[in-house]
Amino acid sequence: MRWAALLPLPLFAALAGCGGIQTVGGREGRDAALINDLFTVFCIVTGLFFVAIMAFLFASYWRRRGFRGDRMPEEDEALASPTHDRRLKLGLFLWVGAVTGGLMALAIASFFTDRSLAQPNQAGRPVVSIELVGNQWWWDAKYHFHDPSKDFRTANELHIPLGAATMIYLKSTDVIHSFWVPNLAGKQDLIPGHVNDIVLVPTKAGHYRGQCAEYCGLQHAHMALDIVVDTPADYARWLARQQQPAQMPADPQARAGFDYFMNKQCSACHSVAGTPANGQVAPNLTHIASRATLAAGTLPNTNGSLHAWIADPQGVKPGNNMPYIGLNADELHAVVAYLETLK
Ligand code: CUA
């Protein structure tokens with residue numbers, strides 16, 4: 001029976017995946033904690049029933065082992081006795097009671113979890129309002145304020161404040177996507193022609209990873225979203241920076257890159273606030289150098305990745321809408337130098 005010691009291995013392997021910046025085991029948001037608590041209740045109740053049913057199965061097998069034919073006369077006598085009858089009835093009553101109790105526990109836990117999830121304003125009125133548009137295969141984010149002159153646009157990375165409610169309005173321009181940051185909350189779909197919403201109330205600062213959770217085409221797996229939960233002071237600093245337009249670079253190479261960016265195809269699709277680049281069909285690049293990843297989580301945002309991405313976007317992420325630009329080496333270095341000034 002030494003092999004039995006290996007039985008829990010798959011369980012340990014599964015639990016090893018329950019950690020990190022993208023995990024259904026995360027409890028760093030109000031909704032995620034509620035859903036996790038409900039999951040725990042379901043695991044305990046259904047686990048107890050599984051053990052009970054297996055115990056009955058093995059007990060009956062154990063009692064009847066070696067049984068080949070008709071019962072012995074003394075067994076028939078025992079089964080027909082009034083004592084056995086009473087014990088059978090009592091057992092059935094207990095079992096029906098246990099099943100009813102278990103189902104009621106699940107129903108009550110689900111009801112209260114649903115009720116808590118449906119109350120978006122426990123953390124007060126949402127202090128941040130974001131319009132998040134799903135595209136094949138990237139995220140377009142617009143931060144909205146009471147004073148529209150403070151509105152700004154970013155892509156593939158959201159910052160939200162710790163302990164406050166952030167309202168995210170979800171839209172799509174092409175196919176159905178699904179917004180899912182498991183450490184913070186459950187899923188919500190982005191549907192063309194319809195506005196959905198989700199409220200995030202993060203309870204722990206940190207960097208989390210979201211992932212499109214509805215198959216949306218070739219690069220569905222490369223449609224990730226970085227979410228940074230900032231302390232209120234860090235969030236205010238990030239906000240102030242994002243509301244600034246891009247600065248004109250002083251460095252000659254970056255300046256040359258600026259000229260290429262404006263005169264090649266780049267500015268037809270991408271926008272950079274404070275410059276003539278005003279394309280609306282590709283990610284806003286005003287502060288791209290401040291983001292952690294490129295191409296919606298496909299590459300880390302490094303000098304080497306920027307070169308690779310601009311030189312061969314279809315090699316890095318086949319099927320995406322960024323075309324081959326055909327820059328020579330000097331032009332490529334210059335454009336990368338310019339983008340790296342966009343902090
Ligand atoms: Cu978008 Cu999958």
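Q: Which residues in H10 do Asn-303, Leu-306, His-307, Ile-310 and Ala-311 in H8 meet?
A: This is a predicted model, in which local features need pLDDT of at least 70, side-chain atom pairs count only at pLDDT 80 or more, and totals for chains, interfaces and linings use all residues. Residues are numbered from 1 along each chain as its sequence is written, and side-chain values use heavy atoms, with hydrogens and water left out. Helices here are DSSP runs of H or I with at least four residues, strands are runs of E with at least two, both numbered from the N terminus, and contact means heavy atoms within 4.5 Å. On that footing, the H10 side of the meeting consists of Leu-332, His-333, Val-335, Val-336 and Leu-339.

Q: Is H8 parallel, antiparallel, perpendicular or oblique to H10?
A: Helix H8 (residues 303–311) and helix H10 (residues 329–339) have axes 10 Å apart and pack at an angle of about 125 degrees. Axes are lines fitted to C-alpha atoms, for helices over the stretch in contact, and angles run from 0 to 180 degrees between N-to-C directions. Under 35 degrees counts as roughly parallel, over 145 as roughly antiparallel, 65 to 115 as roughly perpendicular, and the rest as oblique. The packing angle therefore makes H8, relative to H10, oblique.

Q: Is the crossing of H8 and H10 left-handed or right-handed?
A: The handedness depends on how the near helix is turned from the far one: anticlockwise by less than a right angle is left-handed, and clockwise is right-handed. By that convention, the way H8 passes H10 is right-handed.

Q: In what order do the 5 strands of the open sheet stand?
A: Two strands pair if DSSP finds at least two bridges between them. The edge strands, each pairing on one side only, are strand S3 (152–155) and strand S8 (196–200). The twist averages 25 degrees from one strand to the next. The pairing is mixed, and the order is S3-S2-S1-S5-S8.

Q: Which residue in S8 does Tyr-169 stand opposite?
A: Strand S5 (residues 166–172) and S8 run antiparallel, with 5 bridges joining them. Across this pairing, the residue facing Tyr-169 is Asp-197.

Q: At about what angle does helix H5 run to S3?
A: Helix H5 (residues 232–242) lies across three strands: S1 (128–135), S2 (138–144) and S3. Relative to S3, the helix runs at about 105 degrees.

Q: Why is one side of S4 and of S9 left without a neighbour in the sheet?
A: These strands belong to an open sheet of 3 strands with mixed pairing, in the order S4-S10-S9. Strand S4 (157–161) and strand S9 (206–211) stand at its edges, so the number of partner strands that each one has is single.

Q: Which residue in S10 stands opposite Leu-158?
A: S4 is joined to strand S10 (residues 224–230) by 5 bridges, and the two run parallel. In this pairing, the residue opposite Leu-158 is Ile-227.

Q: Through how many residues does a hairpin join S6 to S7?
A: Strand S6 (residues 177–180) and strand S7 (residues 187–190) are antiparallel partners over 4 bridges. One facing pair is Ser-178 and Asp-189. The hairpin's residue count is 6.

Q: Is Asp-189 buried, partly exposed or exposed?
A: Asp-189 lies in strand S7 and touches Leu-170, Ile-176, His-177, Ser-178, Asn-196 and Glu-214, leaving aside residues up to four places away in sequence. Buried means under 20% relative accessible area, exposed means over 50%, and partly exposed is in between (1.4 Å probe, protein chains only). With a relative accessible area of 25%, Asp-189 is partly exposed.

Q: How many disulfides are there?
A: A disulfide is a pair of cysteine sulfur atoms within 2.5 Å. Cys-266 is in no disulfide, the nearest cysteine sulfur being that of Cys-269, 8.8 Å away. Cys-266 counts as buried at 13% relative accessibility, whereas Cys-269 is partly exposed at 28%. The disulfide count is 0.

Q: How far apart are the C-alpha atoms of Leu-103 and Val-45?
A: Leu-103 sits in helix H4 (residues 82–117) and counts as exposed, at 54% relative accessibility. Along the chain, Leu-103 and Val-45 are 58 residues apart, while their C-alpha atoms are separated by 8.6 Å.

Q: What share of the residues in the protein is buried?
A: The protein has 10 helices and 12 strands. Of its 343 residues, the buried share is 38%.
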